[in-house]
Amino acid sequence: MSANPRPALAWRIRGRVLETGPRTLVMGVLNVTPDSFSDGGRYLDPGAAVARGRAMEEEGADLLDVGGESSRPGATPVDPAGEAARVVPVIRALRAAGSVPISVDTRRASVASAAIEAGADIVNDIGALGDPDMAGVVREAGAGLVVMHMQGLPATMQAAPAYDDVVAEVAGFLRRRLAAADAAGIPPGAVVLDPGIGFGKTLDHNLALLARLDAVAAVGRPVLVGVSRKSVIGGLTGRGVGERLAGGLALAAYLALRGAHIVRAHDVKETCDAVRVVDRMRLEETKHGLELD
Ligand code: 9MG
């Protein structure tokens, strides 16, 4: 059998260490937005958002990802104050009530700073430190950082995505952003890498990246992947957004087997079940004679 596709790696987050690798971690999605592609408007009310976050923790989420701006293709940006006003009360209440690490899904340093002050542990930065103040905010807080690849911006990214070699380009980008984070004083141990499925990519680009997760893993940090309810599943199954659960679970299971340390998911209970089964079978393989290098 080939080398272990998912080596154990520590993720250092505000004084705590999250072990990634031995089992697949599930990051629950909480969109406090009116316009996200699959759950827009459902959790705009802070009470509903907090209840959903608590429920995801009960269902087995290892992390919660709270976002106040939709990043779906074609989404229009919101102003930073409005974005912060959506996420801060929810993060504060979740921090008071629960114990799993909370990430704030934002490209903006001012929103990240307010969210960290409210109790967020991680910045899920789909802009990959594009805001010049973001690295300083993350460094000063000792926060965890998710660095994601995106070609273009949400408003236009699906207009005409183009690459010569999508796998090499995305892996190279993530390697350079990891080095940039390091140069800005964010230790590599605080960083997780994400190929950004659906962010400025065609179906073929997405499939190439999913099939070659090893190229992202080779950068040497834990890998996070989000496919939940996305168009890549629609492209494979022909299903609309509300009918993509089975396809999403199959893909989450595949990713758990092929090297994803963390999967980002809306359907936490079902995703936890799927990756638990895969994790156990990986363990059984090693017990019953299939050796990982
Ligand atoms: C906010 N958001 C939507 N999809 C995402 C994905 O695939 N990865 C990360 N890190 N964030 C995402």
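**Close-up A. Arg264 and Asp65 meet side chain to side chain in a salt bridge, 2.9 Å from N to O.** This pair ties together distant parts of the chain, with Arg264 in strand S10 (residues 262-265) and Asp65 in strand S4 (residues 63-67), 199 residues apart. Keep in mind that everything shown here comes from a predicted model. Is Asp65 buried or exposed? Asp65 comes out at 0% relative accessibility, so it counts as buried. Arg264 has 18% relative accessibility, and because the cut-off for buried is under 20%, Arg264 counts as buried too.

**Close-up B. Arg264 also forms a salt bridge with Asp105, at 4.0 Å from N to O.** Here again the link runs between distant parts of the chain: Arg264 sits in strand S10 and Asp105 in strand S5, 159 residues apart. Both Arg264 and Asp105 are buried. So if you're looking at Arg264, look for two acidic partners, Asp65 and Asp105.

**Close-up C. Asn31, in strand S3 (residues 25-31), is the centre of this view.** What does the side chain of Asn31 pair up with in a polar contact? That would be the side chain of Asp39, at 3.0 Å. Setting aside residues up to four places away in sequence, Asn31 touches Ser36, Asp39, Tyr43, Gly67, Asp105, Arg264 and His266. Two of those names, Arg264 and Asp105, should ring a bell from the salt bridge in the previous view. With a relative accessibility of 9%, Asn31 counts as buried.

**Close-up D. Asp279 and Arg6 make a salt bridge, with their closest N and O atoms 3.2 Å apart.** These two come from distant parts of the chain: Asp279 belongs to helix H10 (residues 268-287), while Arg6 is in the segment before strand S1 (9-13), and 273 residues separate them. How accessible is Arg6? Just 1% in relative terms, so Arg6 counts as buried. Asp279 has a relative accessibility of 11%, so it counts as buried as well.

**Close-up E. Ser99 sits in the loop between helix H2 (80-97) and strand S5 (102-105).** Its relative accessibility is 48%, so Ser99 counts as partly exposed; the cut-off for exposed is over 50%. Which residues does Ser99 contact, leaving aside its neighbours within four places in sequence? They are Arg16 and Glu57. While you're here, find Asp62: Ser99 and Asp62 are 37 residues apart in sequence, and their C-alpha atoms are 9.5 Å apart in space.

**Close-up F. Glu57, one of the contacts of Ser99, lies in helix H1 (residues 46-58).** Not counting residues up to four places away in sequence, Glu57 touches Leu64, Gly98, Ser99 and Val100. Is Glu57 buried or exposed? Its relative accessible area is 17%, and because buried means under 20%, Glu57 is buried. Ser99, by contrast, is partly exposed.

**Close-up G. Glu69, Glu83, Arg107 and Arg108 are joined in a network of salt bridges.** Two of the members are glutamates, Glu69 and Glu83, and two are arginines, Arg107 and Arg108. How many salt bridges turn up in a search of the whole structure? The search finds 18.

How values were computed: Residues numbered from 1 in each chain as written. Predicted model: local features only at pLDDT ≥ 70, side-chain atom pairs only at ≥ 80, totals over all residues. Heavy atoms only, no water. Helix = DSSP H or I, 4+ residues; strand = E, 2+ residues; numbered from the N terminus. Buried < 20%, exposed > 50% of the residue type's maximum accessible area, 1.4 Å probe, protein only. Contact = heavy atoms within 4.5 Å. Polar contact = N/O pair within 3.5 Å; in protein donor to acceptor, adjacent residues only side chain to side chain.
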